[in-house]
Amino acid sequence: MAIDKNQGAQLNLIRKAQTAAIAAILAVGTLAVVAQDALTPPSTPEEAIAMRETVMKQNGGLLRSAGNLTGDEAVAAAQTILDNYTHMPELFPEGSEGGDALPAIWQNWEAFTAIIETGRTGAEAALTAAQAGDTAGYAAGLQTVMGTCGQCHQQFRS
Ligand code: HEC
(Lines give C-alpha, C1' and ligand atoms only; values in the text may rest on other atoms or scores of the structure.)
Protein backbone atom coordinates (compact mmCIF):
# COMPACT_ATOMS: atom_id res chain seq x y z
CA MET A 1 0.00 0.00 0.00
CA ALA A 2 1.57 3.26 -1.08
CA ILE A 3 0.88 5.99 1.43
CA ASP A 4 0.98 9.68 0.63
CA LYS A 5 -0.11 12.69 2.63
CA ASN A 6 -3.57 12.80 1.05
CA GLN A 7 -4.34 9.32 2.20
CA GLY A 8 -3.69 10.00 5.85
CA ALA A 9 -7.34 10.45 6.75
CA GLN A 10 -8.25 7.24 4.99
CA LEU A 11 -5.64 5.10 6.70
CA ASN A 12 -7.90 3.85 9.42
CA LEU A 13 -10.77 3.15 7.09
CA ILE A 14 -8.78 0.58 5.20
CA ARG A 15 -9.48 -2.74 6.79
CA LYS A 16 -8.70 -5.21 4.06
CA ALA A 17 -5.87 -7.58 4.83
CA GLN A 18 -6.11 -6.61 8.47
CA THR A 19 -5.60 -10.18 9.61
CA ALA A 20 -2.45 -10.46 7.53
CA ALA A 21 -1.25 -7.15 8.92
CA ILE A 22 -1.66 -8.33 12.49
CA ALA A 23 0.17 -11.56 11.70
CA ALA A 24 3.00 -9.47 10.24
CA ILE A 25 3.20 -7.38 13.40
CA LEU A 26 3.38 -10.46 15.58
CA ALA A 27 6.06 -12.03 13.38
CA VAL A 28 8.07 -8.82 13.37
CA GLY A 29 7.70 -8.57 17.14
CA THR A 30 9.60 -11.79 17.67
CA LEU A 31 12.50 -10.36 15.68
CA ALA A 32 12.68 -7.09 17.57
CA VAL A 33 16.22 -6.32 18.65
CA VAL A 34 15.11 -3.23 20.52
CA ALA A 35 12.71 -3.92 23.35
CA GLN A 36 11.30 -1.25 25.58
CA ASP A 37 13.78 -0.26 28.30
CA ALA A 38 15.95 -3.20 27.33
CA LEU A 39 18.37 -2.09 24.68
CA THR A 40 21.77 -3.69 24.95
CA PRO A 41 23.90 -1.09 23.19
CA PRO A 42 25.90 -2.39 20.24
CA SER A 43 29.47 -3.20 21.27
CA THR A 44 31.08 -3.16 17.82
CA PRO A 45 30.53 -1.04 14.69
CA GLU A 46 29.41 -4.18 12.84
CA GLU A 47 26.82 -4.87 15.48
CA ALA A 48 25.59 -1.26 15.35
CA ILE A 49 25.19 -1.46 11.58
CA ALA A 50 23.31 -4.77 11.78
CA MET A 51 21.02 -3.53 14.55
CA ARG A 52 20.12 -0.25 12.86
CA GLU A 53 19.46 -1.96 9.53
CA THR A 54 17.12 -4.39 11.32
CA VAL A 55 15.34 -1.57 13.13
CA MET A 56 14.96 0.41 9.89
CA LYS A 57 13.38 -2.58 8.17
CA GLN A 58 11.12 -3.23 11.14
CA ASN A 59 9.92 0.37 11.09
CA GLY A 60 9.24 0.12 7.36
CA GLY A 61 7.25 -3.09 7.79
CA LEU A 62 5.27 -1.69 10.70
CA LEU A 63 4.43 1.52 8.91
CA ARG A 64 3.18 -0.35 5.87
CA SER A 65 0.52 -2.07 7.97
CA ALA A 66 0.07 0.21 10.99
CA GLY A 67 -2.55 2.41 9.31
CA ASN A 68 -4.89 -0.58 9.06
CA LEU A 69 -4.79 -1.31 12.76
CA THR A 70 -7.06 -0.33 15.62
CA GLY A 71 -7.29 -1.10 19.31
CA ASP A 72 -4.51 -3.11 20.97
CA GLU A 73 -2.76 -3.78 17.66
CA ALA A 74 -2.53 -0.06 16.95
CA VAL A 75 -1.17 0.54 20.45
CA ALA A 76 1.46 -2.21 20.02
CA ALA A 77 2.59 -0.91 16.62
CA ALA A 78 2.92 2.67 17.89
CA GLN A 79 4.78 1.47 20.98
CA THR A 80 7.35 -0.45 18.92
CA ILE A 81 7.91 2.47 16.57
CA LEU A 82 8.29 4.76 19.59
CA ASP A 83 10.85 2.40 21.17
CA ASN A 84 12.79 2.18 17.93
CA TYR A 85 12.95 5.96 17.54
CA THR A 86 13.83 6.43 21.21
CA HIS A 87 16.84 4.12 20.83
CA MET A 88 17.85 5.18 17.31
CA PRO A 89 20.68 7.54 18.34
CA GLU A 90 22.33 4.68 20.27
CA LEU A 91 22.47 2.64 17.06
CA PHE A 92 24.72 5.25 15.44
CA PRO A 93 27.64 5.40 17.88
CA GLU A 94 30.72 7.41 16.96
CA GLY A 95 33.06 5.24 14.90
CA SER A 96 30.29 3.14 13.35
CA GLU A 97 30.67 4.59 9.87
CA GLY A 98 29.73 1.90 7.41
CA GLY A 99 26.77 0.31 5.76
CA ASP A 100 24.94 3.06 3.92
CA ALA A 101 25.40 5.58 6.74
CA LEU A 102 27.12 8.76 5.56
CA PRO A 103 29.88 10.50 7.58
CA ALA A 104 27.56 13.55 7.53
CA ILE A 105 25.68 11.91 10.43
CA TRP A 106 28.54 12.50 12.85
CA GLN A 107 29.44 15.87 11.31
CA ASN A 108 25.85 17.10 11.74
CA TRP A 109 24.79 15.11 14.79
CA GLU A 110 22.33 17.76 15.99
CA ALA A 111 20.48 17.86 12.66
CA PHE A 112 20.46 14.07 12.54
CA THR A 113 19.06 13.67 16.05
CA ALA A 114 16.55 16.49 15.47
CA ILE A 115 14.94 14.39 12.71
CA ILE A 116 14.86 11.39 15.06
CA GLU A 117 13.23 13.56 17.73
CA THR A 118 10.53 14.63 15.24
CA GLY A 119 9.79 10.96 14.54
CA ARG A 120 9.86 10.10 18.23
CA THR A 121 7.34 12.87 18.96
CA GLY A 122 5.09 11.62 16.14
CA ALA A 123 5.25 8.06 17.45
CA GLU A 124 4.42 9.27 20.95
CA ALA A 125 1.40 11.17 19.60
CA ALA A 126 0.31 8.07 17.67
CA LEU A 127 0.60 5.96 20.82
CA THR A 128 -1.37 8.38 22.99
CA ALA A 129 -4.07 8.64 20.31
CA ALA A 130 -4.24 4.86 19.82
CA GLN A 131 -4.67 4.39 23.57
CA ALA A 132 -7.54 6.89 23.48
CA GLY A 133 -9.17 5.32 20.41
CA ASP A 134 -8.52 8.54 18.48
CA THR A 135 -8.09 7.18 14.95
CA ALA A 136 -7.46 10.57 13.31
CA GLY A 137 -4.78 11.41 15.86
CA TYR A 138 -3.21 8.00 15.39
CA ALA A 139 -3.04 8.47 11.59
CA ALA A 140 -1.61 11.97 12.01
CA GLY A 141 1.11 10.69 14.33
CA LEU A 142 2.05 7.97 11.84
CA GLN A 143 2.21 10.57 9.07
CA THR A 144 4.71 12.57 11.11
CA VAL A 145 6.86 9.46 11.58
CA MET A 146 6.70 8.65 7.87
CA GLY A 147 7.80 12.15 6.98
CA THR A 148 11.11 11.56 8.73
CA CYS A 149 12.17 8.56 6.57
CA GLY A 150 12.86 10.45 3.35
CA GLN A 151 13.98 13.55 5.18
CA CYS A 152 16.77 11.65 6.88
CA HIS A 153 17.70 9.33 4.00
CA GLN A 154 18.12 12.29 1.65
CA GLN A 155 20.79 13.83 3.83
CA PHE A 156 22.32 10.96 5.72
CA ARG A 157 22.06 7.72 3.72
CA SER A 158 24.15 6.91 0.64
C1 HEC B 1 17.46 9.92 11.44
C2 HEC B 1 17.73 9.25 10.21
C3 HEC B 1 16.84 8.18 9.68
C4 HEC B 1 15.48 8.04 9.83
C5 HEC B 1 14.52 8.95 10.58
C6 HEC B 1 15.11 6.88 9.09
N7 HEC B 1 16.20 6.30 8.52
FE8 HEC B 1 16.22 4.56 7.46
N9 HEC B 1 18.24 4.66 7.34
C10 HEC B 1 19.03 5.68 7.84
C11 HEC B 1 20.44 5.37 7.60
C12 HEC B 1 21.61 6.24 7.99
C13 HEC B 1 20.46 4.12 6.96
C14 HEC B 1 21.71 3.31 6.55
C15 HEC B 1 22.11 2.46 7.78
C16 HEC B 1 23.29 1.57 7.54
O17 HEC B 1 23.38 0.96 6.44
O18 HEC B 1 24.12 1.46 8.45
C19 HEC B 1 19.06 3.70 6.81
C20 HEC B 1 18.65 2.51 6.20
C21 HEC B 1 17.33 2.15 5.98
C22 HEC B 1 16.92 0.95 5.30
C23 HEC B 1 17.85 -0.12 4.70
C24 HEC B 1 18.18 -1.14 5.78
C25 HEC B 1 19.15 -2.19 5.27
O26 HEC B 1 18.84 -3.38 5.41
O27 HEC B 1 20.22 -1.82 4.74
C28 HEC B 1 15.55 0.93 5.29
C29 HEC B 1 14.64 -0.13 4.71
C30 HEC B 1 15.12 2.13 5.97
N31 HEC B 1 16.23 2.86 6.38
C32 HEC B 1 13.80 2.46 6.18
C33 HEC B 1 13.39 3.56 6.94
C34 HEC B 1 12.01 3.90 7.18
C35 HEC B 1 10.81 3.14 6.63
C36 HEC B 1 12.02 5.02 7.95
C37 HEC B 1 10.86 5.81 8.49
C38 HEC B 1 9.91 5.10 9.25
C39 HEC B 1 13.41 5.36 8.21
N40 HEC B 1 14.20 4.47 7.56
C41 HEC B 1 13.80 6.43 8.98
C42 HEC B 1 18.59 6.82 8.47
C43 HEC B 1 17.28 7.06 8.85
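Okay, let's start with a question: does Q58 count as buried, exposed or partly exposed, and what puts it there? Q58 has 19 C-beta neighbours inside 10 Å, and buried would take 20 or more, so Q58 counts as partly exposed. Keep in mind throughout that this is a predicted model.

Where does Q58 sit? It's in helix α2. And Q58 has I81 for company: the two are 23 residues apart in sequence, with 8.5 Å between them in space, C-alpha to C-alpha.

Right, let me back up and give you the overall layout. The chain has 158 residues, and buried ones make up 32% of them. As for secondary structure, we have 6 helices and 0 strands, so reading from the N terminus you get α-α-α-α-α-α. Now look at contacts with a separation of 6 or more: 77% of those are between residues 24 or more positions apart.

Let's go through some helices, beginning with α2, since Q58 took us there. With 22 residues at 1.5 Å a residue, α2 should span 32 Å, and the end C-alpha atoms are 31 Å apart, which agrees. Its buried residues are A48, M51, R52, V55, N59, L62, S65 and A66. They cover an arc of only 160° around the axis, so they end up on the same side of α2. Flip to the other side of α2 and you find E46, K57 and G60 exposed.

Before α2 comes a loop, the one between α1 (18-31) and α2, and T44 is in it. T44 has 11 other C-beta atoms within 10 Å, so it's exposed. P93 is 49 residues away from T44 in sequence, yet the C-alpha to C-alpha distance is 9.2 Å.

On to the loop between α2 and α3, where we find N68. Is N68 buried or exposed? It's buried, because there are 22 other C-beta atoms within 10 Å. So that's one loop residue that is exposed, T44, and one that is buried, N68.

Now α3. It has 17 residues and reaches 25 Å from its first C-alpha to its last, close to the 24 Å expected at 1.5 Å a residue. The buried list for α3 is A74, V75, A77, A78, T80, I81, L82, D83, N84, Y85 and H87. You'll spot I81 there, the residue I paired with Q58 a minute ago.

Then there's α6, residues 135-156. Its 22 residues should span 32 Å at 1.5 Å a residue, and the end C-alpha atoms are 32 Å apart, so that agrees. Buried in α6 we have Y138, A139, G141, L142, Q143, V145, M146, T148, C152 and F156. What covers them? That includes α2 (45-66), α3 (71-87), α4 (104-107) and α5 (109-132).

Let me pick out A139 in α6. A139 has 22 C-beta neighbours inside 10 Å, so it counts as buried. And here N68 comes back: A139 and N68 are 71 residues apart in sequence but 9.6 Å apart in space, C-alpha to C-alpha.

Okay, the core. In soluble globular proteins, nonpolar side chains tend to be buried together. Here, the largest nonpolar core has 31 residues, and those with the most contacts inside it are A78, I81, A123, A126 and A130. Which helices supply at least two residues each to this core? Those are α2, α3, α5 and α6. To zoom in on A126: leaving aside neighbours within four places in sequence, it's in contact with A78, Y138, G141, L142 and V145.

Last stop, the ligand. How many residues surround it? There are 23, and the closest are M56, G60, G99, C149 and C152. The elements that give two or more residues to this shell are α2, α5 and α6. α2 gives the most, with 8 residues. By type, the shell divides into 12 nonpolar, 6 polar and 5 charged.

Two of those closest residues have already come up. G60 is among the closest to the ligand, and it's one of the exposed residues on the other side of α2. C152 is also among the closest, but C152 is on the buried list of α6.

That's it from me.

Terms used. Residues numbered from 1 in each chain as written. Predicted model: local features only at pLDDT ≥ 70, side-chain atom pairs only at ≥ 80, totals over all residues. Helix = DSSP H or I, 4+ residues; strand = E, 2+ residues; numbered from the N terminus. Expected span 1.5 Å × (residues − 1). Buried ≥ 20, exposed ≤ 12 C-beta atoms within 10 Å, placed from the backbone. Contact = placed C-beta atoms within 7 Å. Near = placed C-beta within 6 Å. Nonpolar A, V, L, I, M, F, W, Y, C, P; charged D, E, K, R; others polar. Arc of directions from axis to C-beta. Core = buried A, V, L, I, M, F, W, Y, C linked by C-beta atoms within 7 Å.
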